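Subject: Structure handover

Hello,

Here is the structure you asked about. Please open it first; my notes follow below.

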Amino acid sequence: MGEGQPSGTAPRQLALDLLQGVWEEKMLLAELEQHPHFAEKPAEIRARAARLARTTLRLAGRADAAMKPFLQRPPRPGIQALLRLAVVELLAEGEAPHGVVNAAVTLAKREHAKAAPMVNAVLRRVVENGQGGWDKTQPQRLPNWLRGRLGATYGNARVSRMEAAFEATPPLDLTPKSESATLPDGEMLPTGTLRLAKAGQVSALPGFETGDWWVQDAAAALPARLLAAKPGERVLDLCAAPGGKTLQLAASGADVTALDISEARLERLHENLARTGLTANVVGADALEWQPEAPFDAILFDAPCSATGTIRRHPDLPFAKDGAGVKPLFALQAQMIDRAVALLSPGGRLVFCTCSLLPEEGEKQLEAMLERHPVLSPDQAAIDALAGFEPDWQAAPGALRTTPEMWPERGGLDGFFIAALRKA
Ligand SMILES: C[S@@+](CC[C@H](N)C(=O)[O-])C[C@H]1O[C@@H](n2cnc3c(N)ncnc32)[C@H](O)[C@@H]1O
């Protein structure tokens with residue numbers, strides 16, 4: 001394929017549009033990829049652009065360091081994005097220099113004609129400097145709004161290990177529907193998740209059409225395992241969409257009610273139920289207002305949160321957000337916990353979780369809920385019974401915390417806080 005020709009520039013141009021959308025317009029990739037500008041491009045171009053954008057978001061800090069010696073002044077944002085993308089392709093992906101430099105110069109001429117000679121010169125110097133220039137660089141630092149919070153909680157050394165973990169493209173994790181599920185080849189993790197080192201096209205994998213599994217990070221699969229729903233139990237999935245945990249609960253044979261406020265996300269939950277042939281009573285409602293006919297034996301509350309635990313899979317998140325929207329979530333989570341406690345039968349089980357690294361959305365919520373609700377007690381037995389449980393996940397009695405630098409030899413884990421509780 002002729003690099004530098006439209007076939008080589010089209011995915012790179014689209015990747016740059018995504019990068020600019022994240023870095024300049026502070027939009028999430030999920031939003032940008034729904035826009036017709038992206039969604040209407042051919043699938044092959046979209047796939048390559050999406051992959052290039054994510055890799056560049058993960059490695060932009062290293063790219064900046066690798067090209068810094070050859071820049072006279074900091075480049076304008078559009079040029080900086082273009083250079084970062086090209087440097088990542090050259091030094092992290094090992095693409096042929098001729099094609100990458102030609103494509104970058106062609107793209108520069110479109111919107112930044114005057115800068116094209118500089119782009120050419122900098123990239124040639126980067127190539128001459130060789131791999132050593134990349135190997136000396138450090139993993140990208142998280143933006144200050146997040147690094148400060150995480151440093152205060154985990155210490156800077158552990159945050160640096162998280163930053164190193166954020167560089168890698170994460171594996172593809174699948175939750176099997178049953179023990180007889182048709183599964184692709186992969187590593188069965190001790191917690192019951194099947195891990196594939198390389199994703200490829202998910203819908204082409206064995207067992208997709210037949211709904212034998214669904215995509216779900218290994219840590220995201222733990223809350224429903226902790227709840228251990230039993231056949232026939234009345235179980236509420238309080239913030240359910242798009243439904244990874246609903247599918248686990250339904251697969252256990254429980255009588256599942258899956259509630260969410262977002263109709264758009266509930267559509268995806270319906271699709272997921274249809275593909276896997278599982279059933280749940282789906283309710284579109286505000287959890288704070290909804291009144292069921294009877295209380296539940298068990299409730300899983302996967303709260304709306306900062307999603308800072310999912311940065312391995314969403315490298316745009318730290319750059320598209322600035323932390324401003326996080327604080328109101330803490331109060332909402334507490335209100336929804338109170339609602340969950342009210343909807344639970346005496347003797348019932350509650351699992352509270354967030355895909356967040358912030359203690360305000362985890363450890364501190366647990367402490368506060370135990371103070372507000374003396375009827376609740378931590379259910380350490382549920383943790384002890386969890387297959388594959390690692391002692392360093394234990395965060396408090398009845399609670400576990402995963403972070404992205406854990407299981408490095410296996411390809412990491414998303415960050416979750418998960419608490420198992422019983423109501424008196
Ligand atoms: C972390 S996500 C849930 C992910 C889901 N449990 C899964 O495993 O696929 C949080 C969900 O909370 C929902 N949500 C936010 N506020 C809500 C409210 N007041 N009532 C019900 N659902 C709400 C959001 O629409 C979102 O789908």
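Which residues in H12 are buried? They are Gly 244, Lys 245, Thr 246, Leu 247, Gln 248, Leu 249, Ala 250 and Ala 251. That is eight of the eight residues of H12, a helix that is mostly covered. Please keep in mind that this is a predicted model.

**Around the ligand**

Start with the ligand. Its shell holds 17 residues. The nearest are Cys 239, Ile 261, Ser 262, Ala 287 and Asp 302. Helix H12 (244-251) gives at least two residues to this shell, and so does strand S6 (255-260). Sorted by class, the shell has nine nonpolar, five charged and three polar residues.

Just past the end of H12 comes Gly 253, with a positive phi of about 90 degrees.

S6 has a parallel partner in strand S5 (residues 234-237), with four bridges between them. Val 235 sits opposite Val 256 of S6. Both faces of S5 are covered. On one side, Arg 234 and Leu 236 are buried; on the other, Val 235 and Asp 237 are buried. This split fits a general pattern. In a regular strand, side chains alternate between the two faces of the sheet.

Glu 263 belongs to helix H13 (residues 263-276). Is Glu 263 buried or exposed? Glu 263 is exposed, because just 9 other C-beta atoms lie within 10 Å, and the cut-off for exposed is 12 or fewer. Its C-alpha atom is separated by 16 Å from that of Gln 34, which is 229 residues away along the chain.

**Cys 355**

Now the annotated site. An unreviewed UniProt entry puts the feature "active site" at Cys 355. Where is Cys 355 in the fold? Cys 355 is in the loop between strand S9 (344-354) and helix H16 (363-372).

Why does Cys 355 count as buried? Cys 355 has 27 C-beta neighbours inside 10 Å, and the buried class therefore applies, since its cut-off is 20 or more.

Leave out residues up to four places away in sequence, and Cys 355 touches Ala 220, Cys 305, Ala 307, Gly 309, Thr 310, Asp 414, Gly 415 and Phe 416.

**Strand S9 and its partners**

S9 leads into that loop. Eight of the 11 residues of S9 are buried, so the strand counts as mostly covered. S9 pairs with two strands I want to point out:

- Strand S8 (residues 296-302) runs parallel to S9, and six bridges join them. Ile 299 has Leu 350 of S9 as its bridge partner.
- Strand S13 (residues 416-423) runs antiparallel to S9, again with six bridges. Arg 349 is bridged to Arg 422 of S13.

Two of these strands also tie back to residues named above. Asp 302, one of the residues that come nearest to the ligand, falls within the range of S8. Phe 416, one of the contacts of Cys 355, falls within the range of S13.

**The four-stranded sheet**

There is also an open sheet of four strands. Their order is S2-S3-S1-S4, and the pairing is antiparallel. Strand S2 (187-188) and strand S4 (213-215) are the edges, each pairing on one side only. S2 is joined to strand S3 (residues 194-196) by two bridges, and the two run antiparallel. Glu 187 stands opposite Arg 195 in S3.

**Domains**

The protein chain divides into domain 1 (6-135) and domain 2 (220-423). How many Å separate their centres? The figure is 37 Å, taken over C-alpha atoms.

The two domains do touch. Nine residues of domain 1 are in contact with four residues of domain 2. On the domain 1 side, helix H1 (6-23) and helix H4 (43-67) each give two or more residues. H4 has the largest share, with three residues. By class, this side has six nonpolar residues, three charged and no polar.

UniProt draws its own boundary. The unreviewed entry carries "domain: SAM-dependent MTase RsmB/NOP-type" over residues 145-424. That span is 30% helix and 22% strand, and its end C-alpha atoms lie 40 Å apart.

Best regards

Definitions and conventions
Residues are numbered from 1 along each chain as its sequence is written. This is a predicted model: local features need pLDDT of at least 70, side-chain atom pairs count only at pLDDT 80 or more; totals for chains, interfaces and linings use all residues. A residue is near a molecule or strand if its C-beta atom, placed from the backbone, lies within 6 Å of it. Ala, Val, Leu, Ile, Met, Phe, Trp, Tyr, Cys and Pro count as nonpolar, Asp, Glu, Lys and Arg as charged, and the others, Gly among them, as polar. Two strands pair if DSSP finds at least two bridges between them. UniProt positions are given in the numbering used here, feature names are shortened, and annotations may be inferred rather than shown by experiment. Two residues are in contact if their C-beta atoms, placed from the backbone, lie within 7 Å. Domain bounds come from an automatic or database domain assignment.
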